[in-house]
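Reader: I am new to reading structures. Could you take me through this one and tell me what makes each label fit?

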Amino acid sequence: MQIEPPSEPVLVDPAERRPTVGVRVAGVVVGGGAPVVVQSMTNTDTADVDATVKQVAELAKAGSEIVRITVDRDESAAAVPRVRERLERLGLFVPLVGDFHYIGHKLLADHPACAEALAKYRINPGNVGFKDKKDRQFVQIVETAIRWGKPVRIGVNWGSLDQDLLTRLMDKNSALAAPLSARAVMREAIVRSALLSAQLAEETGLAREKIILSAKVSNVQDLIAVYRDLSRRSPHALHLGLTEAGMGSKGIVASAAAMGILLQEGIGDTIRVSLTPEPGGDRTREVQVAQELLQTMGFRQFLPVVAACPGCGRTTSTVFQELAETIQNDIRVNMPVWREKYPGVEGMTVAVMGCIVNGPGESKHANIGISLPGTGETPSAPVFIDGAKAATLRGPNIAADFQVMVADYIERRYGSRAAAE
């Protein structure tokens, strides 16, 4: 058995990505040179149609371009067409992906309306079936996908890795004169599971442009190594994600560290940030983080950027913090409407600075920026628009007055009249 070592990192311009076969998931193209797509997943019981529709709608409005839902039993499979219908009545046509484990072949066969309503099927080759049933049940799902013209994501996960394959590779490795580490063999098993499953899907008749691969682990270095290897050995579009990334800043940092390196190397066509929500937390946070990662790296533009002063001993006032937060929140709340009303607004930059040191310079670099007075400074706030000083705000309503100026700028720069001119 020969296991190829991970390649050395090669930095590429963000515009240059690994060429992959493009896959159409309803109206969204993954790979083939298309922009990196943001995905998310619900955590509702899919059989609860009301809750599922509500969460899918929230995720879609936050910017998730594909949403995955769990299809784990007859009740959830039966609910999928109703979820799809309700979303379309709301004017939401976000593609829905069915997440299948263990009995996906049976659910798709027993619920043809579900098979038709879903835009893509996700198969985990580690638990699609066991022993002699594994390939047979995998093929049944692939045949259903062919029948309905649906793409498939073959999603390997190290938490549910094909144990027969892993055992065979471990046995071969132990017989070598210089055995590799168990971790290296495990990574090879993950990659090989994806490649062998893709080969079987194509032999069954599923076109290459209907296949997306993923190989998820929860360790940053393992994820980087696995995807570098997979990208060298496969032409398929790749879905990136650090599985079980964790909660809060830990999950955000780990996901950004792993996927940021891969994206910079041109690897990855669609991403999900698998954050564990805080109790009662907002599920859309994972969408925001994915968008911020892509936007920060220069791959996509989703929202106007708010550059804000971090604060120091010169900025004892909290006005700049409150103003930056208010504007950032306003942008997120309004973007679903602004995307339609103000084309191009996602490329706008706003600066909210807290003192004279960097405030005027940073504000000049933004489309519109304000330099608030710091400790001991004159209580006035110059406002810069497209690099030129436009006004000086004074008095107790500086923050509210600046918000009005931002709204006016958006209307003048990106509104229908501006577009017509």
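Reader: Where is cysteine 355 found?

Author: Cysteine 355 sits in the loop between β14 (349-353) and α12 (359-365). Helices (H or I, at least four residues) and strands (E, at least two) are DSSP runs, numbered from the N terminus. This is a predicted model, where local features need pLDDT of at least 70, side-chain atom pairs count only at pLDDT 80 or more, and totals for chains, interfaces and linings use all residues. Residues are numbered from 1 along each chain as its sequence is written, and side-chain values use heavy atoms, with hydrogens and water left out.

Reader: Why is cysteine 355 called buried?

Author: Buried means under 20% relative accessible area, exposed means over 50%, and partly exposed is in between (1.4 Å probe, protein chains only). Cysteine 355 has 6% relative accessibility, so it counts as buried.

Reader: Which residues does cysteine 355 touch?

Author: Contact means heavy atoms within 4.5 Å. Residues up to four places away in sequence are not counted. Cysteine 355 then touches Arg314, Thr315, Pro360, Ser371, Leu372, Gly374 and Glu377.

Reader: How far apart in space are cysteine 355 and valine 21?

Author: They are 50 Å apart, C-alpha to C-alpha. In sequence, 334 residues separate them.

Reader: What makes glutamate 377 partly exposed?

Author: Its relative accessible area is 23%, so glutamate 377 is partly exposed. Glutamate 377 is in the loop between β15 (368-371) and β16. Leaving aside neighbours within four places in sequence, glutamate 377 is in contact with Cys355, Ile356 and Leu372. The C-alpha atoms of glutamate 377 and arginine 314 are separated by 9.1 Å, and the two residues are 63 apart along the chain.

Reader: What is notable about the phi of alanine 26?

Author: Phi of alanine 26 is near 55°, a positive value in a residue other than glycine. Alanine 26 lies in the loop between β1 (23-25) and β2 (28-30). Its relative accessibility is 44%, so alanine 26 counts as partly exposed.

Reader: And what phi does aspartate 386 have?

Author: Aspartate 386 has a positive phi of about 50°, although it is not a glycine. Its place is the loop between β16 (380-385) and β17 (388-394). With a relative accessible area of 47%, aspartate 386 is partly exposed.

Reader: How do you know that the span of α8 agrees with what is expected?

Author: The expected span of a helix is 1.5 Å times one less than its number of residues. Helix α8 (residues 220-233) has 14 residues, so it should span 20 Å. Its end C-alpha atoms are 20 Å apart, which agrees.

Reader: Why is α8 called mostly covered?

Author: Count the buried residues: 10 of its 14. Among them are Leu223, Ile224 and Tyr227. The cover of these buried residues includes α7 (182-204), β8 (211-216), β9 (237-240) and α9 (248-264).

Reader: What does isoleucine 261 of α9 touch?

Author: Isoleucine 261 is in helix α9. Leaving aside neighbours within four places in sequence, isoleucine 261 is in contact with Ile224, Arg228 and Ala256. At 36% relative accessibility, isoleucine 261 counts as partly exposed. Its C-alpha is separated from that of valine 220 by 10.0 Å, and the two residues are 41 apart along the chain.

Reader: How far does α7 reach?

Author: α7 has 23 residues and reaches 32 Å from its first C-alpha to its last, close to the 33 Å expected. Just after α7, glycine 205 takes a positive phi of about 120°.

Reader: Which residues of α13 are buried?

Author: They are Ile398, Phe402, Met405, Val406, Tyr409, Ile410 and Tyr414. They cover an arc of only 140° around the axis (the arc of the directions from the helix axis to the C-beta atoms). That puts them on the same side of α13. An α-helix has 3.6 residues a turn, so residues three or four places apart point the same way.

Reader: How many helices and strands does the chain have?

Author: The chain has 14 helices and 17 strands. Of its 421 residues, 51% count as buried. The C-alpha atoms fill a box of roughly 80 × 55 × 45 Å, taken along the principal axes.
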